[in-house]
Amino acid sequence: MNIEILAPAGDKEKLETAFYFGADACYFAGKKWGLRAFSENFDDEELKEYIEYAHNLGKKCYITVNIQAHNSDFDGLGDYIKYLESIGADAIIVSDAGILSLAKQVAPNLPVHLSTQASASNKYSAKFWADAGAKRIILARELSLKEIKEIRDYLPADVELEAFVHGAMCISYSGRCLLSNYLTGRDSNRGQCVQACRWEYKIQEISRTGDGLEIQEDNRGTYILNSKDLCMIEHLDEMLDAGVTSFKIEGRMKSPFYVATVVNAYKRAFEYLKQDKNLYKEKAKELKKELENCSHRQFTTGFCLGENDRECLESSMPVSSSEFVAIVTQSTQDGFCEVEQRNRFKVGDELEILSPSDNFLKKIKIEEMFDEKGEKIDDALKVQQRIKLKTNINLNKKDILRRVK
């Protein structure tokens, strides 16, 4: 079973978290030419360091160079692509034909993956990009599984297909949105999206006066441009049958808790699927509930099952059923482990463990804790404070503690 779980890495902590919880590869950006300018991203030395880090784990790194490029964007771009090839990047992700052409000239041994921003939505365009040198097609999100299977059957066997499996979706076609640029001057197609689609809006009828009318609302406000979050955890077998081999999680701007929760759930789902399809179908329902622990909107299967596109719309704020409380920074030794606080907790609290190990979903009761000076404390108040917790559970570095709401 040829499967790759591909996770987002907006910074170093998220990359390490993704690999710890079972991702096979991460996608991330340098300081320029990527579509998430507001992520911390990686400078040149960090790119080299973390590609080496990944390779030592047997993992892969794909670097995003996926802006919609203007003439000025090509200044220095050839040298940057050659640098990525020299430090062993496993591929670059591009959406622009000019950048793909440049990459094939200056770094012929560096694989190129076609970004979803290129909107490859039919077998003929996918074949065009494959003929131009793309080794992987990251499919438009607007495709059904039937259409994906038709694309797979039309392409050479050595061209891979990647599809989004989980996360936020743009209301615009394959993310080609001008709303952020129009309202704020920050171009989403050049890495600066402010997610203006998530703002609250009113509509004004031209012949009437007043403050305008809210179109839809719930008790949290009005969100007329929102999409639900994609969640395909119950349909991984169908995606595999359609020819998808790389399963992409959205979320370079999300928290390490989000990355850990989602990667962990999909990793476990695939492990069940490898054992037995019926077991997977049973466990996938439980894992879908697990995905509700991190911040999310209502879930949808998007266009994959051929549903009406209106089913993707929603009018609510993101919610979560758990809160990220702490991350383990030193494994349990002599009955104590060190954690870094992320949200307040106290002696007496019961926390749940998020881990790729058998500790997953075990509970830990906070009985004693000590600060950096070794002084006993009852309340973890300080953000990112290092704290030692008494526990009889062998927690590992990078395990996460969460509070169920």
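These entries record what I looked up on one sheet and on the packing of helices in a predicted model.

**Entry 1, the sheet.** I traced the strand order and found an open sheet of eight strands, which reads S15-S14-S20-S11-S12-S19-S16-S17. The pairing in this sheet is antiparallel. I then turned to the edges, where strand S15 (363-365) and strand S17 (376-377) stand. Each of these two has a single partner strand, so one side of each is left without a neighbour in the sheet.

**Entry 2, one strand pair.** I examined S14, residues 350-354, against S20, residues 400-404. The two strands pair in the antiparallel sense, and I noted three bridges between them. For glutamate 352, I looked up the bridge partner in S20 and found arginine 402.

**Entry 3, a helix on the sheet.** I followed helix H9, residues 256-275, and found that this helix lies across S14, S20 and strand S11 (322-333). Relative to S20, H9 runs at about 90 degrees.

**Entry 4, a helix pair.** I looked up how helix H2 (residues 44-56) packs with helix H3 (residues 77-86). Their axes are 10 Å apart, and the angle is about 25 degrees. Angles under 35 degrees count as roughly parallel, so I recorded H2 as roughly parallel to H3. I entered the crossing of the two helices as right-handed.

**Entry 5, residues between H2 and H3.** On the H2 side I listed Asp44, Glu45, Leu47 and Lys48, which meet Tyr80, Tyr83 and Leu84 of H3. Sorted by class, this contact has four nonpolar and three charged residues, and no polar ones.

Technical notes
Residues numbered from 1 in each chain as written. Predicted model: local features only at pLDDT ≥ 70, side-chain atom pairs only at ≥ 80, totals over all residues. Heavy atoms only, no water. Pairing = 2+ DSSP bridges. Contact = heavy atoms within 4.5 Å. Axes fitted to C-alpha atoms, helices over the stretch in contact; angles between N-to-C directions. Parallel < 35°, antiparallel > 145°, perpendicular 65-115°, else oblique. Left-handed = near helix turned anticlockwise from the far one by under 90°. Nonpolar A, V, L, I, M, F, W, Y, C, P; charged D, E, K, R; others polar.
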